[in-house]
Amino acid sequence: MTFGAAETAAMRRALELAADPAVPLGPNPRVGSVLLAADGSVVAEGFHRGAGTAHAEADALSRAGEAARGTTAVVTLEPCNHTGRTGPCAQALIRAGVRRVVFAQSDPNPLASGGAETLRAAGIEVAQGLLADEARALNRAWLHGVASGRPLVTWKFAGSLDGRSAAADGTSQWITSAAARRDTHRLRAEADVMLVGTGTVLADDPRLTVRGDDGETIARQPLRVVMGQRAVPTGARVLDDAAETLLLRTREPREALAELFERGRRHVFLEGGPTLAAAFLRAGVVDEIVAYVAPVLLGAGRNAVGDLGITAIDGALRPTVTDARLVEGVDGEPANVRFTLA
Ligand code: AOF
Ligand code: ZN
């Protein structure tokens, strides 16, 4: 399908609006919308601000008012066809007199899909697929949830060249570089759950907050979740008021994920120790691995991953590398390597 330059620029803007960091992550997709006049100028912009609020199209239409008539609606997701928490956007676009609708990706949600057909049946020109990869990347956790019924799980590995997360005496500070840790915080900010086991809380007393490059906690903090059957001490830093915390008294990854999905969470960043990492890998619920490897050899030491029950080479887990890059060190620290695997 062909798209005009103004439509492409509008779709980029709609993706940017959709990704607004002030929007809470949750069970709904991130969606943006721009209404264009016939000469390509912007009539109105809109975006979705979290579950229960207006959809992006409705937001843009209400800002445009009468000026919506005859415009092209550029939307990052196929307009919905259902009455859910709000009314169907396809009908709202028809009523507003929109001439053409351009969307990036079709809606995989069976409850809401079918908007494109409804629009076409009403005589509106519909074109799809513009910047679809970017739109899918933005909502990959939500898409994973629609397809699988559980949250996307990203496991973070940080270790030495020989796969250790701590020295033999248990000291574990600063295996990966400060630059690698800052990079981790950028990835954490995209998730809505930070998950560890009680063992990590007892051993490291982590805060599990997301800090920006300046070291300050950012506004949109993921839910901190501690799972396991050991008690979390009342003074643990994970219980401070920097972010919400949920204690799950289970050791079953699938049960924990089901509970988090139920609570509207769609992307779990797994930062646990060797026991929890092994439990999730064994249960087959790790969807993505981000591995920071530091040029450090410890020889003996604590394994970053516990026993996976693999005894023969045939049983090895072999994730695929989707990205590999150097994370340059600053202030004299060595570069680390970051692999992304799926
Ligand atoms: C959104 N925001 O801008 C668009 C969505 O939870 P509901 O009833 O508001 O409906 C959510 C569904 O609507 C969602 O799963 C998706 O299929 C569709 N479009 N949702 O939250 C939006 N355009
Ligand atoms: Zn809608």
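C80 is in contact with H55, P88, C89, A90, D107, A112 and G115, leaving aside residues up to four places away in sequence; contact here requires C-beta atoms, placed from the backbone, within 7 Å. This is a predicted model, in which local features need pLDDT of at least 70 and side-chain atom pairs count only at pLDDT 80 or more, while totals for chains, interfaces and linings use all residues. Residues are numbered from 1 along each chain as its sequence is written, and chains are lettered from A and ligands numbered from 1 in the order in which they are written.

UniProt, in an unreviewed entry, assigns the feature "binding site" to H55, C80 and C89; such annotations may be inferred rather than shown by experiment. These positions span 35 residues in sequence, but no two of their C-alpha atoms are more than 8.9 Å apart, so they gather at one spot.

The two cysteines compare as follows.

| Residue | Location | C-beta neighbours inside 10 Å | Class |
|---|---|---|---|
| C80 | loop between β3 (72–77) and α3 (89–96) | 27 | buried |
| C89 | helix α3 | 31 | buried |

Helices (H or I, at least four residues) and strands (E, at least two) are DSSP runs, numbered from the N terminus. Buried means 20 or more other C-beta atoms, placed from the backbone, within 10 Å of the residue's own; exposed means 12 or fewer, and partly exposed lies in between.

With the same sequence exclusion, C89 touches H55, E57, A58, P79, C80 and G115.

Ligand 1 is surrounded by 17 residues, the closest being N28, V31, H48, G84 and A112; a residue is near a molecule if its C-beta atom, placed from the backbone, lies within 6 Å of it. A112 is also among the contacts of C80.

Note on methods
Contact = placed C-beta atoms within 7 Å.
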